[in-house]
Structure formats: structure tokens, C-alpha cells
Amino acid sequence: MTVKKEQPQPRDLTTAERLATTGRAVIQGIVHTLKGEHETEDGGRYTVEPAEVERIIDGWPAAQKNIAGQMLAKYGMPNEATPTKLFWYCNAPWKRTVLTSEVVVHHWPTVHSDFLTQVIDYRVPPDKFNLIAEFDGSILLDRTKGEVSARCDSEAANVLGLNMVHEIVTGKRTVDEARKISTENTVAYNLGRAAPYAERLLFDVPSGGTADLDHGMLAGPALHQAGGKIKDAVSREKHEARDRLTGPDRDEAR
């Protein structure tokens with residue numbers, strides 16, 4: 001018989017702990033908003049030593065080790081590293097590049113593994129998110145940060161994917177057209193033939209200004225919940241008073 005394991009649940013926090021947790025994040029958000037900052041990337045301050053990078057990638061699979069060599073030759077030493085990941089920041093045209101020894105298997109346009117993620121600032125209107133998802137499940141959208149990430153097995157594949165994203169967003173291509181062009185350019189690139197969509201980004205990459213921070217909505221609900229909390233407290237006091245008058249000690253209360 002299979003025994004179903006109970007999933008671990010978040011620790012139940014007191015009201016004070018919940019308010020403190022949210023309050024710290026709110027204060028931090030206000031501070032960065034006043035500074036005109038919508039995000040931070042402190043990792044770009046650092047550089048990993050060559051010997052450390054070599055030690056890390058020595059045991060990686062051949063495909064990832066090959067791409068690591070390409071990234072190191074083109075962009076230099078990464079800014080950060082873990083046993084399974086290398087990170088480059090502001091390695092133009094990319095805002096961020098992440099190479100990992102781990103894989104995500106992807107079957108389009110043919111069976112392959114995804115392990116190289118490259119990010120640009122780019123705003124995709126929310127009403128077009130579904131089109132990008134239909135085009136390629138390895139294109140990752142972050143509305144709040146205003147980023148688009150392409151995750152595949154090479155830089156050329158990521159360039160190709162982002163060029164198609166731009167053409168879908170601007171209405172130049174339908175999803176079906178973009179998938180057809182991507183497949184054709186993938187084959188052409190791998191055979192050493194002209195593949196313009198895979199060779200470079202064919203649009204001006206934004207530098208900031210793409211974030212969508214949305215709008216605050218908690219003020220009204222917070223007041224409503226605060227009122228409810230007061231009502232709960234008053235109601236509890238009434239119940240406690242009635243219990244005292246109707247309980248075992250009611251004669252003494254008289």
C-alpha cells in the first residue's frame with residue numbers, strides 16, 4: 001500500500017510576525033521607489049577567479065562545458081558562480097546570462113536540452129503573453145521587471161527566439177509564422193548557411209524603462225480587515241462577559 005506523505009506547510013505565523021514580514025518588504029519597496037530603483041543586481045560587483053571557474057565546470061556535461069568555453073571567450077570571467085551555475089551581468093547585448101549544468105528537456109523544434117538563459121529588458125504587453133507562450137515555452141516573461149528571457153542550448157538559439165518575440169509583439173509575424181521561421185533558421189544556422197534571425201538581435205534592445213510595477217490595492221482591504229479585527233475583539237469581549245454571567249460562577253457574579 002502506498003503511503004501518502006503529508007506535504008510540509010509554511011510555519012503558522014502570529015499576526016505580529018505577519019505584519020512585520022510584510023512591513024519590512026513594504027518599507028524596502030518604498031525606499032527603492034523613492035530612489036528611482038525598481039530592482040537591484042548586486043552580483044555584478046564581483047568577478048570569479050579563473051581557477052574557480054575551471055574547477056566548477058571540470059565535471060560538467062560536454063554540452064554545457066562547450067558553451068561555458070564560448071561564454072568565457074566572449075564575455076570573460078563570470079560575476080558569480082555556484083557548483084551548478086555561472087552568472088554574467090550586463091554582458092551586452094544581454095542584461096544577464098545564466099549557464100547551468102542542469103537541463104530542461106525541450107522537444108521543439110527538435111529534442112534538445114535547455115541550459116543557457118539570456119535576458120534582455122523588454123516589455124511584452126500582458127494581452128500578448130499568451131502568444132509568446134504559444135510560440136515557445138522556453139521564452140520566459142517577467143512583467144514586473146520588464147524582462148524577457150530566452151532559454152535554449154546556444155546563444156544563437158536565444159537570439160533567434162528573441163527576434164521572433166519582437167516580431168510577434170510588433171505584429172509583424174503570427175505565432176505560426178514565427179515557429180516556421182525559427183525552424184528554418186535553426187536548420188540553416190546549424191548547416192552553416194545564412195540565418196539572419198539567429199546571427200544578431202535585429203531590434204534596438206531597451207536599456208531600462210520596461211518595468212511594469214502595477215498599482216497598489218491594499219489600502220482599502222487593509223482598512224476593511226482592520227475594522228474586522230476590531231469587531232472580532234469587541235465580539236470576543238461580549239462573549240466572554242456573557243459566559244461569565246451564564247457560567248458556573250454566575251451566582252457569585254450576582
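1. The lining of the second largest pocket divides into five nonpolar, six polar and three charged residues. This is a predicted model, and the pocket holds about 340 Å³ of space. Of its 14 lining residues, V26, G29, T33, L213 and D214 are the closest to the centre. Helix α1 (residues 15-35) supplies the largest share of the lining, four residues.

2. D214 deserves a second look. Besides being among the residues closest to the centre of the second largest pocket, D214 has a phi near 65°. That is a positive value in a residue other than glycine. D214 is found in the loop between α7 (196-199) and α8 (219-246). Is D214 buried or exposed? Neither: D214 counts as partly exposed, because its relative accessibility is 45% and that class lies between under 20% for buried and over 50% for exposed.

3. C90 also has a positive phi, near 55°, and is not a glycine. Its place is the loop between β2 and β3. C90 is exposed, because its relative accessible area is 63% and the cut-off for exposed is over 50%.

4. The loop between β2 (85-89) and β3 (96-106) also holds P93. The peptide bond from A92 to P93 is cis, with omega near 10°.

5. A cis bond also joins W108 to P109, with omega near 0°. P109 is found in the loop between β3 and β4 (112-121). Where else does P109 appear? It is one of the residues closest to the centre of the largest pocket.

6. The largest pocket has a volume of about 420 Å³. It is lined by 27 residues, and C152, D153, A157 and T186 are, with P109, the closest to its centre. Three elements give two or more residues to this lining: β6 (147-152), α5 and α6 (175-190). Which element gives the most? It is α6, with seven residues. By class, the lining has twelve nonpolar, twelve polar and three charged residues.

7. The largest nonpolar core has 42 residues. L99, Y122 and F135 have the most contacts inside it. Helix α5 (residues 155-169) gives this core its largest share, eight residues. Helix α5 also gives two or more residues to the lining of the largest pocket. In soluble globular proteins, nonpolar side chains tend to be buried together.

8. What does L99 touch, leaving aside residues up to four places away in sequence? Its contacts include W60, Q64, I67 and A68. T84, K85, L86 and W88 are also among them, as are F115 and L116.

Note on methods. Residues are numbered from 1 along each chain as its sequence is written. This is a predicted model: local features need pLDDT of at least 70, side-chain atom pairs count only at pLDDT 80 or more; totals for chains, interfaces and linings use all residues. Side-chain values use heavy atoms; hydrogens and water are left out. Buried means under 20% relative accessible area, exposed over 50%, partly exposed in between (1.4 Å probe, protein chains only). A nonpolar core is a set of buried Ala, Val, Leu, Ile, Met, Phe, Trp, Tyr and Cys residues joined through side-chain atoms within 4.5 Å. Contact means heavy atoms within 4.5 Å. On a 1 Å grid over the protein atoms alone, a cavity is a set of points where a 1.4 Å probe fits but cannot get out, and a pocket is an open set with protein on both sides within 12 Å along at least five of seven lines; lining residues have an atom within 4 Å of a point. Grid points are joined across faces, edges and corners, and a volume is the space filled by probe spheres set on the points. Ala, Val, Leu, Ile, Met, Phe, Trp, Tyr, Cys and Pro count as nonpolar, Asp, Glu, Lys and Arg as charged, and the others, Gly among them, as polar.
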